[in-house]
Structures are given as structure tokens and as C-alpha cells.
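This report looks at charged side-chain pairs. Please have the sequence and the model open.

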Amino acid sequence: MSGSAHRLTEGGLIDRRKPLSFTFDGQSYSGFEGDTLASALLGSGVKVVGRSFKYHRPRGILCAGSEEPNALVELRTGARREPNTRATVAELYDGLESQSQNRWPSLAFDLGAVNSLLSPIFVAGFYYKTFMWPAAFWEKVYEPLIRRAAGLGIASHEADPDRYEKAHAFCDVLIIGAGPAGLAAALTAGRAGARVILCDEDFVVGGRLNAERLEIDGAGGAEWARQAEAELRSLADVRVMRRTTVFGAYDAGLSGARTFGALERVSDHLRLPAPHQPRQRLWKIVAARVILAAGAVERPIVFGGNDRPGVMLAASVRTYVNRFGVAPARQAAVFTGGDDGWKTVSDLAAAGIGVAAVIDARAEPPPALLTAAQRLGTRVFAGAHVVDARGSHGIHRISVRTGSRIEHLDVDGLAMSGGWNPCAALTTHVGGRPRWSEAIAAFVPGDLPAGMSVAGAAGGSLALDAALREGAAAGAAAAAAAGFADVPIPRWRTSEDSVSSRALWHVSGCPSKAFVDLQHDVTDGDIALAEREGYRSVELLKRYTTLGMATDQGKTSSLNGHAIMAALTGRSIPEVGTTTARPPYTPVAIGAFAGHHRGKEFKPTRLTAGHAWARQNTEVFVEAGQWLRAQWFPRPGEQDWLESVSREVKSVRSSGGVCDVSTLGKIDIQGADAGAFLDRIYINTFSTVPVGKVRYGLMLREDGFVMDDGTTARLGDAHYVMSTTTANAAKVMQHLEHARQVLWPELDVQIVSVTEQWAQYAIAGPNSRRLLERLLGGVIDLANAAFPYLACAELEWQGVPLRLFRISFSGEMAFEIAIPARYGDALIRALMAAGREFGVIPYGTEALGVMRIEKGHVAGNELNGTTTAADLGLGRMLSKKKDCIGRVLAGRPALLDPERPTLVGVRPVDRKARLYAGAHFLAVGAATTLENDQGYVTSVAYSPMLEGWIGLGLLARGPSRHGERLVAHSPVRGGDTEVEVVSPIFFDPEGTRLHG
Amino acid sequence: MRIRCPFCGERDLSEFTYLGDASFVRPDPDAADAQQRFYDAVYLRDNPAGPFEELWYHGSGCRGWLRVRRNTRTHEILGVEPARRQGADA
Amino acid sequence: MADALTARSAFSCLLVAVGNGRGVTAIDRDGLGLATLAERNGSRSALSQRIREEFRIELPRGPSRAADGDVAFAGTAPGTWLAMRDHGGNAFAAALARSTAGLASVTDQTDGYAVLRLTGPMVRPALAKLVPIDLHPREFAVGSVASTVASHMGVTLWRLPDAGGAAVFEIAVFRSLAESFWHALAEGAAEFGVAIGRPC
Amino acid sequence: MHGKGLALSQNVLPLSLNVNHRRPRRLRYGLDCTPRARGKPIHYSIFSLIGAAFSGHRHWGPAWRDPAPKPAYDVIVIGGGGHGLATAHYLAKVHGITNVAVLEKGWIGSGNAGRNTTIIRSNYLLPGNNPFYELSMKLWEGLEQDLNYNTMVSQRGVLNLYHSDAQRDAYVRRGNAMRMHGVDAELLDAAAVRGMLPYLDFANARFPIQGGLLQRRGGTARHDAVVWGYARAASSRGVDIIQNCEVTGMIREGGRIRGVETTRGPIRAGKIGMAVAGSTSRVAAMAGLRLPIESHVLQAFVSESIKPFFPGVVTFGAGHFYLSQSDKGSLVFGGDLDGYNSYAQRGNLPTVEDVCEGGMAILPSLGRIRLLRSWGGIMDMSMDGSPIIDRAPMQGLYLNAGWCYGGFKATPASGWCFAHLLARDEPHEVARAYRLDRFATGRVIDEKGVGAQPNLH
């Protein structure tokens, strides 16, 4: 069809030379640059754009802004499909594809509409009263039906292909809304030199100035807005952000600077984002002062058939006519509670659109308006109400009630004006409560968040001159408060603009359904039912009827509902109260909150200095916190991981191996009191460790449970270096800083993380010493006598500092060698080269794990935050001579209970059987109940040395039960295995190999 | 929420980690009733609704432990000082 | 026996130009000698005196950076500084430790951080996508220092005197995070164009 | 695996549960569907609903009475949330104690009962928790029939993803513990998870999904309906539900608590039970009590309504994120605590970002779905992450607190066991471990193993 009949030939902010084509439900239409999807649809004569949530009633376009509850469409297709997009804010672009929602098979004929016939049953909360029998039917029958019927658009299951990003901004003055008030505020604050950010959700600045026939200093409102924007863009410290919605206010700091969340729709007006551009950008704006100039939203009137396509908000009708050059109707009527609706009469007339009648609820509208109507030949119904609108696919008739007389008028459009609601949501996000204003019959901002002021309609001052005046004053005040010199406050001459907000909530006794929440199909009858059933608090009303829970968050519905509840309960509206607005102000894509933190970028990846070398030797890496570690190094021909890992273990124990252990936490601890400090951190003593020696330490939380373990070396009188587990490195650092700064500030201790400074490799196995002697070439004597087990040294090699430790996790003679990380790559290559002739191989975290289990060393699975030193068989380390963190509470009865599960080793009785970590210990033949639970298997490994599966576990009275047989019960993985309790040290119990 | 670090200046919440009640004083471990005192200090809380002294760690900044006075009803920050007693630096 | 050890920059093979134009220029500062200097309890004035004699530099008390010649001290915490010397390598920390013996604890960080110098007309908008701090010239003057978080990664950055009409920042990130950091920086700065400058 | 009789206390019907079944028979704890006498609420059913349709739904009365407080009751329950109302319901129904008042400072369900993500599950590890939450699950399974109110209990399954061998081993341990108590649990490998939820990110994940622990009987329930259903059922048995009645003090005589001062005057009672979640410390302070509890804010989020997108409940093991879809079509999701003490029912932006990052990490198709609304609930975080149901040190006062963010799923069992404690002055068998003195003795119930730091539980 041709849209021409619905387009005015001139006027508006659309570019008639730039036609854009788009599709809706597969049919092609055209609009112009400057259109929204909504204005383009109206301009093409499309009235029905969606179906309602519950009754599937045909719905059209109600508004011209982000508060639209009806005109929700699916935008784009495939992975970019966007459900529930408000056509009123979707900027038209060439090739835009859109579909209507919540209908089947088609928008025109929707089977879901049978719900309308069942509407006598489908009242508010009906589902709480039924679908209960038979019980088993809920998930199988009732719920799937409900779930299919509910919901609006369809989301894609494909990954969102677009990019999102986050950015931070700081300013002296944040101005929310670029209508007359916001522009005036920005001009004054900007001229004063303040750093200003001016945000508007629209793609053109000006707000109402673009929608009304208003003049400022003789220029048209829209033209004035262009000039203001131009001046603002010329100011260095002013940033104008169009297509940017400030959606949330968050907590402030001591300075009063407050964080605001804002969403910039960078590419939504394009078919695809430009190269290197995100789809949307999440701004975190920190502002010293804030001016809320977000305007106001017009209220619908609750009357019969008020949801019919063609029934629109009066001010939105003006917007479509004046800004978009669209004729929403050929023959219209206006239903208003006050003067405001009359502006629509004159604007429609000026655009050459017939206005059949004005229905004014007031008995005596102002004479001036009456004469104006007379001049236009428009009938006036005073003291009258519209009680019904007919025409499911676009109204064609309305019924007007004056007293007891009902008259029918044939019109194809009805503009309604029930008053105005200031957009005050952002004043309540951090706890402020709105205040009721009798003057405009609406809630206006009450106590404001510190640093925030309100200007214009957002504060209830609806007229243009007031908006400009308040905006300019607020801008000047904010700039002054931010420390900028006062500037003269400009004055602007404006055309006559009286805006009244007179309450007209509800027309009672209508012959057909009167809707309060259009999207959720909440009617006046539902409010009455909720009242009868005792759901009278506005919060209970909201939850029971879902009033105000739709995608518009009640912008067009909540207050009307509360007014009806007030009337029903004989209370005033302020007594009834209002619900709390919560962020976001308008819905925000989840992808925007995530930014680029998705996929591999979800969290940063930490790579060791030896990573490049490792990549050349294996593809198998495992996440260890944020680190990637080589898991094993497969050789050609090896069938599976077990074969590779077993080979690595055997090679280490027979000749030698090298493992990158750089990820372990390393903390440099210096200061005169470093030793004393460590004595208070660890359960054992470190002040007595000689320089050049290493000691294994265990630290507790203050509640007495084990926190972490590791070796700490003494490099000098006042210098130690501590190692932590990879997982706990950051936690231990924070713990030490707490002890140093908060608990014992009198101690002279300085601590610095050196995890990143040193690349560190373990060289384990009988040939480890030979390898190092070959590599270091006599820089140090490594003979047992000179460098025994638990020795450490700092040396220089080829002009590079080295640290050498004689420690072992594998139970073999072993060393750890540390070098500044920039040389880590060179060192691992040198180590492998030097080790080749000794059959030294690289090994990964799996082999490391196997060997530590063979030796009964505890690790993450045992250090799980619920074990004590004694549980781990390390109770003897607890020094009686000194206090340390956790010592006292470790003495609580339950922590000393001899029944506590304690570390043991376990082996399957059938040596070929497999063990599973997480299996629970039961006495053989005991019932599988929690009451009989005696502990569990913490870690398992296949030991190539013992040629069978072995495990560590925590078993009640474990150490006294070596030799006992138990069942390792694992119904969810692997089933049951009969095991024998043994010492946790499976391999080389005497520890002879340590010394080579 | 923004916390004014005495060294770094006012920073976003995301740079800090929280420990809790700053009134914690490590009891005398040698006291006869040490276990009761530690239980009290480690486990029991006033948990007030209103002004509250609490410990925050500026882990993404100067790694300083801060004593923050904050209203738990409104999240208003009332004051911040280093947890480390100044004497130690003199 | 082994051939001379060669150092490997954390950014080696990473820094490649992105997008069109030169909105941001990145320069690898590998080899910059870095050390943490932490004063011993009660040695504040003595340490300041020692640094003054040794380097003609007044130790800053706040988050700022004082430089003389190729040496600079950046305040990173109370009583703690990140000391740096161009091309100082690991030897710098050793020397600093000798000259402040007994007054401070010195820890070599030359390899702990990977440092980039960032400049160009769009360096601030690019950094605004990474760090949650205000880099406006009024708020973050030449010599300012900040430790903060960039896209979930801890960083320390400082501002050097402007060059070629553009602001100059240096930003230090834990070495292991160099690849993730570069990815985040390049992705955000791509719209401005990222060029790679010659190491200095 | 073979079923086993549950050893529950005498007023719980022993039952046998076959975990191989999709779900067990709905259990009917004293199922009572007989229409109410005049003055009581009309029995809910499709028939009464159709009947009502013809009369324009004019004959529906209030779902619960709105009485003025009496000067004295046998039992006062402070807190008109799910736990308090469930306690009153079971006091009246199971123990025949009907002279009961529930005091609510605002409107019923205005606390965490209306501010959670509606998940129900009993996938607990430790013997102190597991039987309690399984009792709760069984009560959920019979709740609609018990209350004659459709609480939309929907057992669509709860899947906890794991991303490492260590995490898998921990889930194996937990799953085994669940099975040892007759709770259904299955360990899935990556292929099985992919079969269930093919649109999770398996291709490009920073922390690849290795599998999951599945409890098929887990799911969701309609949180507000739970509150209203308990209120209606309790009220119909004579319990007074008194809204807009804030407790301002305790009436103490000797060492004993004899009643409460309220904004609607003093009310005396033989026994007073606290079920006030985030307000626990404040009410306890009125009795001069310090507790091992901190109040923390937990944010929750809903998206716009969309057609069926996600079947059950999934939790991310390498980040802070969990997700389900409500019957209305909204995705309901959440993550970690904000992390600081708070009595303000709202949080801050870093947590919103953290949660959405977690969501995009496992479900990258969330990108274009819009977050509609967020809110915050005040969690009574205990020092070991497990609750307290016990007598207070002073006579006459009883504690029900420390629910952390597990309060919703616990609602029925919490009410059941608290009612038992109030009625009999002895702990219910499955709640024996929830003692107040366990922190002093060290018998903590710490599922996460993070110790006495509530914001980490």
C-alpha cells in the first residue's frame, strides 16, 4: 500500500529526500530518514502492530517515546533478533526488518485471541486458584501451556555476534534529558566552564521542542534546539551524548560524586555496526552534580476499549504530526481531562486533519477554547466521557456519554489526555521517595539524592518558560557549586505554552473492558478483584495483578491503577502510596552490562614466562585460577592422558623432569621483625630458620582451620620469601597485609608480591643435580654436604640473578630454580637442552599431582577450608611456645574431636580396580546412609610406581585404622569399591630418595 | 558507591574488598578465657542498621586497609581513615 | 655452558598496529629497571635524605612521580614507591638496595611488570575504556600516579610530560597479564587506530 | 540405587523415594481439600473459578483476615514473610496451636520472600543440612494440595555446572551424600550437559564446561504465591496476620521475654519466635542479644518476558551466575552478594556487571535480551553459611535466622521445624545441627569452607 495518504506533504524533522525501505511481517514499506519504526508504520497506514500479553488483543501504537507499552516488535533476524523492541524508539534505517510478536498464525488472525473469550475466567491471579489437580499434571500439562502462552517476543539461541564495550566518564555536571530544561542547564553550566555531560535517549536533542509548535526568541523550538546543540558542541568541556539513556543512579562517595549508569546505543540505528564499533556502550558516569531534566510522560485514561489501535496519547499524536509529518488519523476525536488535550485539536487542524469532536470531562471548559473549537467546526462535549471505543483492528467508532445520554461518533483516531507524570525515577533509585502534588495531580520528586537537582517537567513544571528558567538556574547553580564563576543567567522569550495536568483517571460503568496496564491486560475489574481479596497494598496489588510489571515498568499504568485502588478503598492517592522505581529506567541489554567480558575474555588469562616454550611442546593446558598451566606433554603414539602422565612420572622418578611452578604465589617479606611476623602467621616457627634454609609452613585462619601451606626461605637476616599455593596467592597477600597493617602495625615488616618477578622451575629426579651442575657450570657446589635438602641460595649466573632452593614436592631429590621472568623463556630452553643427555623430560600438573599423592602431600582437595592441621596429620607442627593466628580457636572441642576425619591413604583391595575422588567411606556391609558416613576420598591418582589406583582421604580416626577394609561408596560416579586403609605415604616412606 | 582512599583518592567500589566490622580487636591469647574472647571477637556482631565502622581493603589500589565509617541504611560514606596506626610510620 | 641468556619482553610478538590511523601510539618499555622501595618503620626522614643525596630527588609523599635524569620514584602506597631507571634492568634494584640499606626494603620488579608507553591524540578516550579514574588534564596532571584496575587487571599508570602536543602515559601491568591487557587495550582503541612506536 | 525409609520425626510421614523416577508422587501431608465453612475462604478450584466467572468474581472474599491485634497470644511469630507464615500454618495445622499472631512491619512478603530468585533444591553436602533441605523439598512437593493455593512448584531441574576436575570431585562428594540420604542426584559429563542445554557456550568458553551435578527434582516456585498461600491457610485456621505492625521492643520480666512492644501497642505471648531474616540483629538487640549474623544485600534481576527460552535452573561454576525462566516468561537471574553490610534493599553497579558477565560467559545468546528490573534483598548471613533454629539464651524467645541466600527454598521446612521447636521446646530431628552454640564449640556447618566471613558464603 502507499503511505502517502498518511504522510503530510511538509513539516517535521524527517528528510523527505531520503526515503528508507523496511519490512514489517514480511511486507515492504517505506519511511524517511528521521523516522522511528513507529512513525514509519503510522505513515504507512499500519495501525495494528502487536498482540497483548494475556488476551492477545490487537494493539497499536500508544506513545511516541520510550514509555510505549503496546508497540513491541521483534527487530532484525537470526542471531541479531531483538524481541520486545519498542517501535517508538527504534530508529528507522534502510533495510530494517521487523516482525510482530505473541501471535499465531498471524497478526491479523491470532488463535491466542480465544483467551479473550475466556477472559471471564482469566482474571487477575486466576492461576493461583486452579491447575492444582492432579498434582502431577502441573509440569506435564498446565505449566507448559502457560509458558507457551506467556512471554512476548522470541529470543535467538545463537550467540550475540555484536561487540559491547564499557567506558568511564567524569564530569562536574551531568544533565539528564536534552529538552528545553536540559539544554538551558547545559548552556549555562557549559558557559561557566564546567565539565558538562548532556545525555538524551532520543537521537535528536530538543525533547518536546521537536514535538510541539513552540517558539523561543522568535525561532521555532526545534530550530532553537539545533542552535543550542551547536553552541554546546563548540565548548571544549561539554559532551553531548545522543542515543544515551541514563538508566540508573547508584551510591555516592564522601565527595558527593555519584555514579550513574548510562547506555549509549552506538549502532542500533545502523544495519550493522561499523568496523571496530560496538553495538552499544555502557557508560559509568561519575558526576559531582546532577540535573534531572527528563521531562514527563502523559497518562492514558481508563475507559472501555481504551486499548484499541488508533487510541493514542494526545501529546504523542502531536509528536507524530509535528515531528514526523504523519497523519495518525483522517477524522479524529480528542478526549481530555484538561486544557492540554486541546493543543492536539489545534495541531491536528493546522495539519489539515479533521477533528470531529473534543470530549472534555470538565463541565465548563474555558470559553477561549470553546470559541477556538467553534472556529474549527469541532463539536465540544463538555462534562462528558468516552465510554467505549470500537474496532479491534483500528477504531472506527467511539461512544460518548454525557450525563445519561450516549452518542456514537465515527472516527478513526482518538487522542486521550489524562494528565502528566514527571519522570522522577532517577530521584528514587538511591532511596528518595516521591511527593504527591495536588497542583498537577501526580507524584513529583520528593527528597532528592545529594548533589541532584530537578528542572522542568521532571519536577512538575510543565510549561516551556518554566522549563527554560529552571534549567538555566539549575545549570548555573550546579556550575557554581562545582567551583566555577557565576555567569549571567540567560532569559529567553517563549511563545504562549500553558500545560495543565488535571487528573482524569478512570471512566466507570463502561460497557467493555477498560485497561489499566495495556501490556499486561490488567483491567479496572482486576484492580477491584484484588481489592476484594485483600491485596490492597500497592506492592501486593502489583504482585497479584502484575500491574506495572510490564516492559514499561508501569510508566503509563501504575498511577492509574493506584488511583482506582484509592477510590475503591476510600483513601487518597498519597495514602495509597506508590511503588518503588528500580534501575534500569528503561530495559538494558544484558550484553551491554557484560561489555567485552565474554567468551575467552570473560576473565583475564595469566601466562607464565615459559608459556611460549610450553605451547611448542603441548596443546594440553589447564586453568589454575586465571593461570594456564601445561597439564601434560603428549608424545607421538601415546593413546591417552593416562599413558602420557604415567610416562612422565616414571621418567621423573627414574631420571628427571622439569615442571613450571611459576604460578605458585611468591611473597617477599622484609624488615627487622620479618621473622617475628612469620611466627605469628604460621603455626610453626620461622624466626629460628637459619639464613640459607627453607622451611615448610602451615597457616590457619583465625577460626582455627587451615588456610594455606607452602615453603618459606630465609634469604637474609631480615629477608624471607614465602611461597603460597597458586589458588590462594591473592588471599594470603591480603591476609598478610591485614596482619601487618591492622593487627601488628608496630612490627617492622614490608611485604611485596614477587610472583610475577620470578619464573620458577622444579627440577626433580635422580639426575636433577647433574643437570644443574651441567647448566650452572660450577657457579655453586650442589653436593649434599654443601647444599643439602632444604637449602637455598641466591647467586648470579651470566650476569642474571638466580635463586636456588633444594625442596621437593615429588619426593625425589629436587631443586627449584628461580630467574627474573624476562629470562624465564631462555632458562626453560636451557634447562631442557642441558637435561637432554640425562633423559630429563618436561612434566605437567597431572604428573605433579600423581607424585604428590604418592608422597601423601596435601593440596587443594585437602586444604578445603574445613580441615585442621591435625586432620591433615600436621598437628605436631603447631608450636606450643608461641601464639599464632588461629591457635586459640583451633582448640575448640569440635576441632579436637578424635572422631574427626583424618588423613589416610586408600588402595582398592582389587589392585586393578579404579578409585574415585568424592566417594564416601562406609563400613563393609553398612547401609548407605548419612548416619554411616565415615569420611570421603579427597584425591585419587593412578600410580605407575605402585601400578594401581591410590587415593588420599579423610577418615574418622583414620591413622588408627591402617589395614582396615572399607567401602568407597560413589553412586554418582563409578559405583562402590572395596578399599584398604593405608599410610598416606605410598612411595619411598623413608624419604631416602630426597637426598639422592 | 565510591570510597575515598586516603592515599589514592576517591575510587569506585570495584577496587575494594570488604572484611567487615572494624571493632575487631585481637584478644589476649594468654587470657584464661581466651577461647571465649576469641569466639566473641571472631563470630559475634552488632550488625547495626545505621553508622558502622568497617574494614575495607584497597586491593586494586595501594593495598591499604581502610577504616570506613558508613551508614548501612543509606550506604552514605561518613569518613575514611587508614587502618594502620600512624605511629608506626613516624 | 649455555649460551648467553636473552631476555624476552612480555609484549614480544604482541604489539601490532590495529585499525586505521594513529589515534594511539604504544611503545614497549621492556628493560625499564623497576623496584619497589618500602621504608622501614621510623626511617622516613632518613630515607628521604638518602634518596635526595643519591638521586637529587625529593621522595613524593602522595601518588605522584618525581624524576631526575633517567631515575624516577612514583608513590604507590604510604611509605612505598615504585622506583624506575631507564634501561636499568635488574642491576637497578641491586644498586638501590645497597644505597638504602637499613632504611628501606627493596624488591626487584623489573620483570614483574610489563610497561607500555601510550600517547597520541586519542589516548584519553582509549584509556577511558579501561580505567575507572579521571584522566582529565585538570585532575590527572603531569607527574600524577594511580594504581587501579583496567578491565579486571591491576595496573599502575603515571603521566609524563606531553610530547608532540599529546598526553603521554606509562602503564604497568603484571607481566603474566600482558596478552590479556593488550587485547583489551587494542580492542577498545581500534576505532581510533593503534600504531606501534619504536622502543625508547 | 535402592530407596530407603527416611527417619523423620513422628509428625512427618515416613516415605520412600525412588530417585530413578523423574519425580516422586506428590506427597499429601494431611491433604485437606474440604470446602471451608462460611466466613472461611472459598475453596479454590477450576469449578469455583468458573462459578465465580458468572457472578463477575464478586463473591471472592479476602484471602486472609485483617484482624486487630489481641492483647495476648500463645505464640507470636515476628515476621510475616514465608518462614513466619509457614511457621504459623504448621503451628495451627500440625500442632493444633491456633492462638497465634504473625506480626509484619509492612505488608506480608515484603522482605526476602518477595525478593528472591524462587529456586528450590535440596542438593546439599553436609549431614547437618542435607536432611533438612530434603524435608523442605518433600513439603514443596505437596504444598499446593496442603494450602489449596497454586504455588506453581515446578520441578524442572537444577543443574550446577563444573569446570575443573577439583570441582567435579567436590560435586561427586556432594552428589554421593545426597544419594546416601535418598535425594536424587546425577553427575553429567560435558556431552550430557550439551544434550540438555546445547546453547551454552561450549565452543569459546574461558572456563570450559566439563559437566554438571543435576537434581531433577529441583526447580522453582512462585514466591509471592507461597506467601499468600501460607497466609490464607494459616488465617483460615485462626491465625491472626497483622500487617503494618512493627515490633519496637521486648517485654521482659525476670530473665524471660513475655511479649513485644509494637507500633500497634504491647502484645504478650507465652512464646515469641523471630523469623525476620535481614532484621534479625536489630530484633535480637531488643532482647540484648548479639548474634553470629551480618546483614548483606543480594541483588536479583529479571529480563523482559520472552517465549520459552530456558527450561530449568542452571548455575555457573566458574563465576557468579544462576538463571531460570519464570512462567511469565522473564529470565530470573542473580549472582553474588554485593559484599558489604547493608540494610538498604538495593545494590550497586559492579555486581550487576559481574552477574551479566557470568551470564554472557555461559550463555552468549543473552546479549540482546534486556534486563528489565533489579532489586535487593537483605540476607541474614551467618558465620558458617548455615541457619540457626534454636532457643535463645533467654526464656520465651526462639530464633529462626541465618538463612543466607538459601531462605526461599527452606521456607516449608523452616516453618515446619520452627513450629516443632515452638510447640515442643525441642529441636526437630532434621534441624538438630542448627544450634546457636555451634560456633563456640566449633561444630560449624560450612559447606563452602570459607570460615567466619559471611560475605564469602
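What follows covers salt bridges, their partners and their exposure.

This is a predicted model, where local features need pLDDT of at least 70, side-chain atom pairs count only at pLDDT 80 or more, and totals for chains, interfaces and linings use all residues. Residues are numbered from 1 along each chain as its sequence is written, chains are lettered from A and ligands numbered from 1 in the order in which they are written, and side-chain values use heavy atoms, with hydrogens and water left out.

Side chains of opposite charge can pair when their charged atoms come close. A salt bridge here is a side-chain nitrogen of Lys or Arg within 4 Å of a carboxyl oxygen of Asp or Glu. Over all chains, the search finds 112 salt bridges. Three of these pairs are tabulated.

| Arg partner | Acidic partner | Closest N and O atoms |
|---|---|---|
| A:Arg233 | A:Glu229 | 2.9 Å |
| A:Arg961 | A:Glu964 | 2.7 Å |
| D:Arg168 | D:Asp165 | 3.6 Å |

Helices are DSSP runs (H or I, at least four residues), numbered from the N terminus. A:Arg233 and A:Glu229 share helix H6 (residues 221-234) of chain A, four residues apart, about one turn. D:Arg168 and D:Asp165 share helix H5 (residues 165-180) of chain D, three residues apart, again about one turn.

Buried means under 20% relative accessible area, exposed over 50%, partly exposed in between (1.4 Å probe, protein chains only). A:Arg233 is partly exposed at 45%, whereas A:Glu229 is buried at 13%. A:Arg961 is buried at 4%; A:Glu964 is partly exposed at 31%. D:Arg168 is buried at 16%, and D:Asp165 is partly exposed at 32%.

Salt bridges also link residues into a network, with A:Arg76, A:Asp268, D:Glu304 and D:Arg370 among them.

Methods: Helices (H or I, at least four residues) and strands (E, at least two) are DSSP runs, numbered from the N terminus.
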